[in-house]
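Reader: I'd like to go through this model and ask how its labels were earned. Can you take me through the reasoning, value by value?

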Amino acid sequence: MRRLHSIKMKQFGYMSEIPGIGIYSSWLEMFEKEFNNLNENQSQLKNLYLSMKSYLNSFNDPVLVHGDISSENVIIFDDHVNGIIDYADCLCGDGLYDIGRFFLFAQGDWKYVDALAQGYKSSDENKSWTTIEKQCIQFYACYFACWLETDNEIMNKLLIPISY
């Protein structure tokens, strides 16, 4: 994923008719409709969105994001990743978006996401997620959970406050 997320893109969100250029002018724009329409029973989720709004608005370094990273879409041969397939949901945005999807599949268990940091951040001195990275991962996982209409039990796990 680190290599995939090193591919620079333009604009944000799902691809326009021109490859490598997203349909939105800001990263925040991709999330606004979904999160501005939350109901009163989703206050915890709304609060998470409001806490991330400044980051989403200022994010300005879009990269290629797979959008559907899962074991079915990763080809492994001789203990090495040999390819990633199924780019139907790819977009221009924050690479942590893919990590958020992984966090959802891990059902809110940070140990798997923290283990992923070891390879993803292999060039960094500190091989763990920063506070803002963890907040982004949590937010993106919740976004996916809404989009996939995940059950409340998993959503509640995703919304557990992050321990630092």
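Author: Sure, and keep in mind that this is a predicted model. Let's start with what packs over helix H2: the cover on its buried residues includes helix H1 (27-36), helix H5 (131-147) and helix H6 (152-158).

Reader: Which residues of H2 are the buried ones?

Author: They are Leu45, Leu48, Tyr49, Met52 and Leu56.

Reader: What makes the span of H2 close to the expected one?

Author: H2 (residues 43-58) has 16 residues, and its first and last C-alphas are 24 Å apart. At 1.5 Å a residue you'd expect 22 Å, so the two values are close. There is still a kink in H2, about 45°, and its centre is Met52, one of the buried residues of this helix.

Reader: Why is Arg101 called buried?

Author: The cut-off for buried is under 20% relative accessible area. Arg101 has 6%, so it counts as buried. Arg101 sits in helix H3 (residues 96-105). Beyond its neighbours within four places in sequence, Arg101 is in contact with Gly67, Asp68, Ile69, Phe144, Trp147 and Leu148.

Reader: How do you know that H3 is mostly covered?

Author: Eight of its 10 residues are buried. Besides Arg101, the buried set includes Leu96, Tyr97, Asp98 and Ile99, and also Gly100, Phe103 and Leu104. Just after H3 comes Gln107, with a positive phi of about 55°.

Reader: What makes Ser122 partly exposed?

Author: Partly exposed is what lies between buried, under 20%, and exposed, over 50%. Ser122 comes in at 33%, so partly exposed is the label. You'll find Ser122 in the loop between H4 and H5. Leaving aside neighbours within four places in sequence, its contacts are Arg2, Ala117 and Lys127.

Reader: And why do Gln11 and Asp79 get different labels?

Author: Take Gln11 first. Its relative accessible area is 39%, so Gln11 is partly exposed. Asp79 has 76%, and exposed means over 50%, so Asp79 is exposed. Gln11 belongs to the segment before strand S1 (12-15), whereas Asp79 is in the loop between S4 and S5.

Reader: What is the phi of each of these residues?

Author: Gln11 has a positive phi of about 60° although it isn't a glycine. For Asp79, also a residue other than glycine, phi is positive and near 60°.

Reader: Now the pockets. What is the volume of the largest pocket, and which element gives the most to its lining?

Author: The volume is about 480 Å³. Helix H4 gives the most to the lining, with four residues. Strand S4 (74-77), strand S5 (80-84) and helix H4 (110-120) each supply at least two. The lining has 17 residues, and Met1, Arg2, Val74, Val81 and Ile84 lie nearest the centre of the pocket.

Reader: How do the residues of that lining divide by class?

Author: There are 11 nonpolar, four polar and two charged residues in the lining of the largest pocket.

Reader: How much space lies in the second largest pocket?

Author: About 310 Å³. Of the 17 residues that line this second pocket, Arg2, His5, Asp61, Val63 and Tyr120 are the closest to its centre. By class, its lining has five nonpolar, five polar and seven charged residues.

Key: Residues are numbered from 1 along each chain as its sequence is written. This is a predicted model: local features need pLDDT of at least 70, side-chain atom pairs count only at pLDDT 80 or more; totals for chains, interfaces and linings use all residues. Side-chain values use heavy atoms; hydrogens and water are left out. The expected span of a helix is 1.5 Å times one less than its number of residues. The bend at a residue is the angle between axes fitted to the seven residues ending there and the seven starting there. Buried means under 20% relative accessible area, exposed over 50%, partly exposed in between (1.4 Å probe, protein chains only). Contact means heavy atoms within 4.5 Å. On a 1 Å grid over the protein atoms alone, a cavity is a set of points where a 1.4 Å probe fits but cannot get out, and a pocket is an open set with protein on both sides within 12 Å along at least five of seven lines; lining residues have an atom within 4 Å of a point. Grid points are joined across faces, edges and corners, and a volume is the space filled by probe spheres set on the points. Ala, Val, Leu, Ile, Met, Phe, Trp, Tyr, Cys and Pro count as nonpolar, Asp, Glu, Lys and Arg as charged, and the others, Gly among them, as polar.
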